[in-house]
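Q: Could you take a close look at the side-chain contacts of this chain, beginning with the aromatic rings and going on to the charged groups? I would like a connected account that says where each partner lies and how exposed it is.

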Amino acid sequence: LDVATASQIIGNIDKVGIWGVELEAQAVVAKGLQLFAALGTTDTKIKHNSRLPATVGNRTPKSTTWSLNAGFQYDQPITDDFNLLIRLDYAHKGKKYWQIDNHDVQKPVDLVDIRAGIENDRWGLYVSGRNIFGEKYYTDFNPTAFSGSDVPIGFRAQPATWAIEGKVKF
């Protein structure tokens, strides 16, 4: 990032090795109750970097080591016309390496989202929450050496966010 010109400066890495795998499962375990989960891992290594040879062997920028997503959704009739919907999503994101020097690493992050409401074929009314425990983390971070400034530049994630949502089908 060049602060004087408000432009991002991106350098290329000559060769990177990336290996990963993800396992995913979904199951309906009872009438109206669905469980789901996914587990993923990514291994990234800088293999050749002529611009910064000391970074060979490091992880690539903005990469996480592993992730886990899990949750449930419950959808059940409560009257002849309306269903109750409850959903919970949990996400774990492993350590994140912000830049090629691997000096700045974000600790693992755990996020919980919920949604509950009533609905039918024509409309729905819901209450939802994202990051309901207010986990503090960055969506992007550039330390001084990579910010183009004499200070680090980072963007914090949204805190706990609550909403009332409605839907209408025409």
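A: Phe 82 has a relative accessibility of 23% and therefore counts as partly exposed, a value that, like everything below, comes from a predicted model. Trp 123 also falls into the partly exposed class, with a relative accessibility of 33%; the class covers residues between the limits of 20% for buried and 50% for exposed. The structure contains three aromatic pairs by the rule applied here. One of them joins Phe 82 to Trp 123 in an edge-to-face arrangement, with 5.3 Å from centre to centre and 65° between the planes. Since Phe 82 belongs to the loop between strand E4 (66–77) and strand E5 (83–93), while Trp 123 belongs to strand E9 (residues 123–130), the pair ties together parts of the chain that are 41 residues apart in sequence. The angle of 65° is what places the pair in the edge-to-face class, because planes over 60 degrees apart are counted that way.

Elsewhere, Trp 98, Tyr 138 and Phe 141 make up one aromatic cluster. A charged side chain meets a member of this cluster, for Arg 156 lies over the face of Tyr 138, at 5.0 Å from the ring centre. A further contact of this kind involves Arg 115, which is placed over the face of Tyr 126 at 4.0 Å from the centre of the ring.

Arg 115 also leads from the rings to the salt bridges, of which a search of the whole structure finds seven. Its side chain meets that of Glu 165 in a salt bridge with an N to O distance of 3.4 Å. Glu 165 is part of strand E12 (residues 161–168) and Arg 115 is part of strand E8, so this pair ties together parts that are 50 residues apart in sequence. Glu 165 counts as partly exposed at 28% relative accessibility, and Arg 115 is likewise partly exposed, at 28%. Another set of charged residues is joined through shared partners, in that salt bridges link Asp 43, Lys 45 and Arg 59 into one network. Within it, the side chains of Lys 45 and Asp 43 meet at 3.6 Å, N to O; Lys 45 is partly exposed at 31% relative accessibility, and Asp 43 is partly exposed with a relative accessible area of 31%.

A salt bridge of 3.2 Å, N to O, brings together the side chains of Glu 135 and Lys 107. These residues lie in distant parts of the chain, 28 residues apart: Glu 135 is in the loop between E9 and strand E10 (138–142), and Lys 107 is in the loop between E7 and strand E8 (109–119). Lys 107 counts as exposed, at 52% relative accessibility.

Strand E7, which borders the loop of Lys 107, is also part of an open sheet of three strands, ordered E3-E6-E7 with antiparallel pairing. Strand E3 (63–64) and strand E7 (105–106) are the edges of this sheet, and because each has a single partner strand, one side of each is left without a neighbour in the sheet. E7 is joined to strand E6 (residues 96–97) by two bridges, the two strands running antiparallel, and Val 105 of E7 is the bridge partner of Tyr 97.

How values were computed:
Residues numbered from 1 in each chain as written. Predicted model: local features only at pLDDT ≥ 70, side-chain atom pairs only at ≥ 80, totals over all residues. Heavy atoms only, no water. Pairing = 2+ DSSP bridges. Helix = DSSP H or I, 4+ residues; strand = E, 2+ residues; numbered from the N terminus. Phe/Tyr/Trp six-rings, centres within 6.5 Å; stacked < 30°, edge-to-face > 60°. Buried < 20%, exposed > 50% of the residue type's maximum accessible area, 1.4 Å probe, protein only. Lys NZ or Arg CZ within 6 Å of the ring centre and 35° of its normal. Salt bridge = Lys/Arg side-chain N within 4 Å of Asp/Glu carboxyl O.
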